[in-house]
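Hi,

Here is the structure I promised to pass on. Have a look first, and my notes follow below.

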Amino acid sequence: MSMINPPLDVTSLPYSSRQLIIVQPDVVVAAAREAEANAATQSGETDWVDVYGRVVRMLGVRSIYGVALELATEALMALAKARESGLDVLQIGHSEAKGLQFPPGHPREQALYVAHPAVPSVYYTAAAFHRMSFEHKFSEAIRLLMSLGASHIVVEHVHGWSSEFSARVSAGLPQDEGSVSVGRKEATSSKLLFDAVLNNKREPILPAGLVWYLHEPTWQVVASGRLEYGMQKFSLNVVYDDDFGVNAGLKMRAQKAGLEIGGAFEDHMATTWKIHGKFVPDEC
């Protein structure tokens with residue numbers, strides 16, 4: 001039974017309120033929220049170090065049911081320093097985090113997580129946020145084109161992250177059922193990132209679960225052109241130009257506060273990759 005009453009529905013919050021989170025034991029979060037509520041009734045600036053210092057003392061007196069007091073102290077002090085530095089970090093309990101998706105092996109206490117821009121339940125480590133967000137968007141574009149019947153897909157670099165970055169993008173050209181063979185050729189120019197031929201025999205459909213598509217008018221035009229008018233060639237861009245406030249400044253403040261960011265930080269780079277190619281002819 002959760003010790004947080006009432007539990008917080010994280011996914012229902014505005015993005016700005018849930019963008020940055022850390023995950024802690026329920027008893028620690030419950031005590032912290034009680035102290036925060038008391039602090040909110042006081043006038044003037046909130047001294048978060050003082051507030052969470054009182055929480056630590058409270059937990060030490062009450063007994064925290066097997067939660068290591070030293071770990072709780074470190075996490076709360078890191079959160080206090082992060083808030084003092086201007087980072088709006090939301091602390092949630094383990095029970096509240098059960099409905100969220102984290103990288104394998106996560107969540108870890110004292111680690112800072114950043115919400116996916118378009119999927120409320122998904123969280124990435126701060127270090128990998130930009131790579132994972134771009135990879136997810138790129139992967140969705142490829143899945144869209146494959147589902148619409150692409151037989152040849154070419155991905156070219158326009159600006160931003162290029163070949164070195166693309167080698168670390170695990171999405172690559174994901175194989176879906178019905179795509180019997182997907183090939184990748186070596187790049188013949190600095191702009192060419194992927195060149196794949198698919199033995200695609202599926203009936204063109206709009207795949208389920210698209211999230212970036214809803215905000216991409218050009219993608220929608222390509223889908224309409226294929227499904228309604230038998231379009232034979234396509235061209236669209238995967239554009240990633242918003243850093244969502246996850247930048248070197250956030251990294252510095254998080255690390256200075258004592259929060260983990262989850263590895264080597266990959267900073268944002270405004271990026272456009274062009275995807276073009278052909279669909280399976282209607283007569284096939």
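Starting from the outside: the protein exposes about 13900 Å², and carbon and sulfur atoms supply 52% of that area. Keep in mind that this is a predicted model. Its mean pLDDT is 86, with 85% of the residues at 70 or more. The stretch to be wary of is residues 174–188, where pLDDT stays under 50. For that stretch the model has 34 contacts beyond four places in sequence.

On the overall build, I count 9 helices and 9 strands. Of the 284 residues, 46% are buried. If you take contacts between residues at least 6 apart in sequence, 74% of them join residues at least 24 apart.

Now the inside. The largest nonpolar core has 69 residues, and F138, I153 and I275 have the most contacts inside it. Helix α6 (residues 129–147) gives the most to this core, namely 8 residues. Another core, of 12 residues, lies apart from it and includes I92, A97, Y113 and Y123.

Helix α9 (residues 248–257) has a clear pattern. Its buried residues are L250, A254 and A257. They sit on the same side of α9, because the arc they cover around the axis is only 65°. M252 and K256, on the other side of α9, are exposed. Both ends of the helix have something to look at as well. At its start, a side-chain oxygen of N247 comes to within 3.1 Å of the backbone nitrogen of G249. Just after α9, G258 has a positive phi of about 105°.

Two single residues caught my eye. The first topic is H157, which lies in strand β5 (residues 150–159). Its relative accessible area is 17%, so H157 counts as buried, the cut-off being under 20%. A polar atom of the H157 side chain lies 2.9 Å from the backbone oxygen of G160. Leaving aside neighbours within four places in sequence, H157 is in contact with S162, K191, L193, T272 and W273.

Then there is G225, in helix α8 (residues 217–229). G225 is buried too, with a relative accessible area of 9%. Not counting residues up to four places away in sequence, G225 touches G230 and M231.

Finally, some backbone geometry you may want to check before setting anything up. Which peptide bonds are cis? One joins N5 and P6, with omega about 0°, and another runs from H106 to P107, with omega near 10°. P6 is in the segment before α1 (15–18), while P107 lies in the loop between α5 (94–97) and β3 (113–115).

That loop between α5 and β3 also holds Q110, which has a positive phi of about 80° although it is not a glycine. With a relative accessible area of 12%, Q110 is buried. F244 is not a glycine either, yet has a positive phi of about 55°. F244 lies in the loop between β8 (233–240) and α9. Is F244 buried or exposed? Neither, quite: at 24% relative accessibility, F244 counts as partly exposed, because buried needs under 20% and exposed over 50%.

Cheers

Note on methods. Residues numbered from 1 in each chain as written. Heavy atoms only, no water. pLDDT = per-residue confidence, 0-100. Contact = heavy atoms within 4.5 Å. Core = buried A, V, L, I, M, F, W, Y, C linked by side-chain atoms within 4.5 Å. Buried < 20%, exposed > 50% of the residue type's maximum accessible area, 1.4 Å probe, protein only. Helix = DSSP H or I, 4+ residues; strand = E, 2+ residues; numbered from the N terminus. Arc of directions from axis to C-beta. Polar contact = N/O pair within 3.5 Å; in protein donor to acceptor, adjacent residues only side chain to side chain. Areas by Shrake-Rupley, 256 points an atom, 1.4 Å probe, with all protein chains shown as cover.
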